[in-house]
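Trainee: Could you take a close look at one part of this model and go through it residue by residue where that helps? I would like the cut-offs stated as the terms come up.

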Amino acid sequence: MSHAAVQTHLPQEQGLAIPFSTIRPHLQVRTVQENKKKILFVTSELTDLVKTGGLGDVSAALPRALREFHDVRVLLPGYRQVLESGQTIRVVGTLPGHAALPPCRIGRIDLDDGLIVYVLLSPELYDRDGTPYGDEHGQDWPDNHIRFARLGLAAAHVAAGSACISWRPDLLHAHDWPAALAPAYLRWRGIATPSVFTIHNLAYQGLLSPQCCPELDIPRGACRMEGMEFHGKLSFLKAGIAYADRITTVSATYAREITTEAFGCGLEGFLRAKAERGLLSGIRNGIDESWHPESDPHLLQGFSASDWHGKAVHAEYVRHHFDLEASAGPLFVVVSRLVRQKGLDLTHDVAGTIVRAGGQLAVIGRGEPVEEERMRGLAGRFPGRIGVRVGFEETLARRMFAGSDFLLMPSRYEPCGLSQMYAQRFGSLPIAHRTGGLADSIEDGVTGFLFERPCVESYREAVERALKVFALPSLFHAMRRSAMTVPCYWRQTVHPYLHLYRQLLESRHEQA
């Protein structure tokens with residue numbers, strides 16, 4: 001197995017069996033301006049090193065957008081993918097074991113652009129085949145409660161200044177259920193560092209049995225309704241909501257939706273109480289600067305709103321790659337996890353409308369076996385008109401956005417969504433259900449098409465509207481140009497986070 005270089009600079013660790021490779025000079029600690037605060041991001045994914053979905057993209061892009069204003073660093077588990085990333089990892093800290101949480105070391109990776117990532121080095125917890133959350137068969141790891149409690153407690157140690165590293169954050173920002181115990185451990189241990197908890201998808205809560213409390217050193221008082229109790233179980237996600245100083249989610253519409261029974265996943269009352277106290281807000285995600293149609297290195301040829309030739313080049317590439325016939329008709333794409341949430345069954349039922357109108361469809365993604373098979377079945381029914389690739393490849397996905405005319409995104413719910421913004425930047429008009437971040441980022445009839453109800457009839461009506469616009473080139477290109485100018489980069493959307501951080505830090509300063 002080829003691992004990243006792991007370098008030890010702690011005298012007490014010199015005798016441990018650690019894989020070594022070429023030693024690099026010790027990097028100097030960067031100085032920061034006095035007005036910059038230290039922010040620790042706690043996450044289970046970072047696209048540079050390991051990714052399963054949009055959380056990895058946000059965890060990589062948002063810290064970079066914030067670094068102009070603050071000293072932002074990331075804490076991440078040391079999965080096998082991280083160890084095998086080719087990055088040099090220097091051991092800079094140690095953590096003791098506690099309850100059933102094993103001791104571990106803290107490594108540091110300095111990425112090429114200067115982003116600093118702290119990595120939890122615990123081979124028994126993280127150095128495994130599979131994904132960050134489960135094995136190669138899609139089954140969750142049975143010790144996930146220990147794996148991600150270790151992450152949360154490590155974050156609390158770093159915040160307390162007891163992790164043996166020379167950097168201590170002024171504020172902690174935890175992301176989604178795997179990091180949700182970070183704010184909880186801060187509160188349980190009386191650590192004054194303010195915290196923000198961001199919900200990326202309320203449907204994934206990290207449930208465990210109350211019998212696990214001794215393993216994680218969860219105090220008895222936390223096992224109540226005002227803590228992390230959830231219908232006889234305990235919820236990591238609810239712990240983050242209960243104990244963070246502020247809760248955010250990834251779009252304004254989704255922040256409202258999750259306080260309702262339809263979208264609240266059983267936590268709507270708890271969230272509604274937070275919202276009424278002004279503790280819950282929605283801040284829409286952005287995308288990173290690499291999504292630029294004129295300069296994206298993944299593309300075969302750049303293009304712009306005044307020169308569409310590059311889109312034609314990519315349309316031809318997509319048709320060839322998906323075994324589609326040559327066509328002058330509209331090209332629709334799906335770039336998505338293949339799960340029920342994403343409305344693939346609805347796309348299955350409107351595919352005939354697209355084909356009968358002279359359109360074609362290319363689908364890429366992986367997910368639930370039933371949805372993968374549903375998509376394969378479509379390709380079998382419409383050879384040369386519909387093509388499907390089960391799996392994911394970044395370069396192919398970007399070229400699909402670049403070559404397509406329309407992106408299909410009929411999600412039943414969508415906290416924010418990034419694909420619609422990727423599509424817009426690349427001149428592909430999204431057709432989406434009016435929910436969550438889709439409602440916040442798409443202007444119906446201007447930068448895409450929205451439909452009101454997650455049903456076939458409403459979806460088909462939106463597809464038919466899109467087909468009519470495609471038949472009117474001047475209107476179609478005007479919509480494309482509008483879509484490509486939507487303000488969606490992180491640098492354009494990051495300021496609400498800066499305001500929130502300032503509020504929390506000033507409040508904590510006043511209380512001190």
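Mentor: The answer starts with one annotated span and then turns to a few further sites.

The model is predicted, so local features need pLDDT of at least 70 and side-chain atom pairs count only at pLDDT 80 or more, while totals for chains, interfaces and linings use all residues. Residues are numbered from 1 along each chain as its sequence is written, and side-chain values use heavy atoms, with hydrogens and water left out.

The span to begin with is residues 328-468, which an unreviewed UniProt entry annotates as "domain: Glycosyl transferase family". UniProt positions are in the numbering used here, feature names are shortened, and annotations may be inferred rather than shown by experiment. The span is 44% helix and 20% strand, and its end C-alpha atoms lie 15 Å apart. Helices (H or I, at least four residues) and strands (E, at least two) are DSSP runs, numbered from the N terminus.

One helix pair here is α11 (residues 344-356) and α16 (residues 456-470), whose axes are 10 Å apart and meet at an angle of about 40 degrees. Axes are lines fitted to C-alpha atoms, for helices over the stretch in contact, and angles run from 0 to 180 degrees between N-to-C directions. The crossing of α11 and α16 is right-handed; that is, the near helix is turned clockwise from the far one by less than a right angle, and anticlockwise would be left-handed. On the α11 side the contact (heavy atoms within 4.5 Å) uses Leu346, Thr347, Asp349, Val350, Thr353 and Ile354. On the α16 side it uses Val456, Tyr459, Arg460, Val463, Glu464 and Leu467. Residues three or four places apart on an α-helix point the same way, because there are 3.6 residues a turn. By class, this contact has seven nonpolar, two polar and three charged residues. Ala, Val, Leu, Ile, Met, Phe, Trp, Tyr, Cys and Pro count as nonpolar, Asp, Glu, Lys and Arg as charged, and the others, Gly among them, as polar.

Arginine 434 is in the loop between β18 (429-433) and α15 (436-441). Its relative accessible area is 35%, so it is partly exposed; buried means under 20%, exposed over 50%, and partly exposed in between (1.4 Å probe, protein chains only). Arginine 434 and leucine 450 are 16 residues apart in sequence, yet their C-alpha atoms are 5.4 Å apart in space. Neighbours within four places aside, arginine 434 contacts Ala439, Asp444, Leu450, Phe451 and Glu452. With glutamate 452 there is also a side-chain to side-chain polar contact of 2.6 Å. A polar contact is a pair of N or O atoms within 3.5 Å; within protein, one must be able to donate a hydrogen and the other to accept it, and residues adjacent in sequence count only if both atoms are side-chain atoms.

Threonine 447 sits in the loop between α15 and β19 (449-451). It counts as buried because its relative accessibility is 5%. Its side chain reaches the backbone nitrogen of glutamate 443 at 2.9 Å. Contacts of threonine 447, again without neighbours within four places, include Gln424, Leu429, Pro430 and Met479.

Further sites can be read with the same terms. Histidine 173 belongs to strand β7 (residues 171-175) and is buried, since its relative accessibility is 0%. Its side chain makes polar contacts with the side chains of tyrosine 501 at 2.6 Å and histidine 175 at 3.5 Å. Beyond four places in sequence, histidine 173 touches Leu40, Phe41, Val42, Val196, Thr198, Tyr497 and Tyr501.

Strand β7 is also one of the elements against which the buried residues of helix α5 pack; the others are α4 (144-160), β8 (195-199), α6 (213-216) and α7 (236-243). Helix α5 (residues 181-188) has six buried residues out of eight, namely Leu181, Ala182, Pro183, Ala184, Tyr185 and Leu186. Just after α5, glycine 190 has a positive phi of about 70 degrees.

Lysine 51 carries the unreviewed UniProt annotation "binding site". It is in the loop between β2 (38-42) and α1 (54-66) and is partly exposed, because its relative accessible area is 32%. Lysine 51 touches Glu45, Asp57 and Glu394, leaving out residues up to four places away. Its side chain has a 3.1 Å polar contact with that of aspartate 57.
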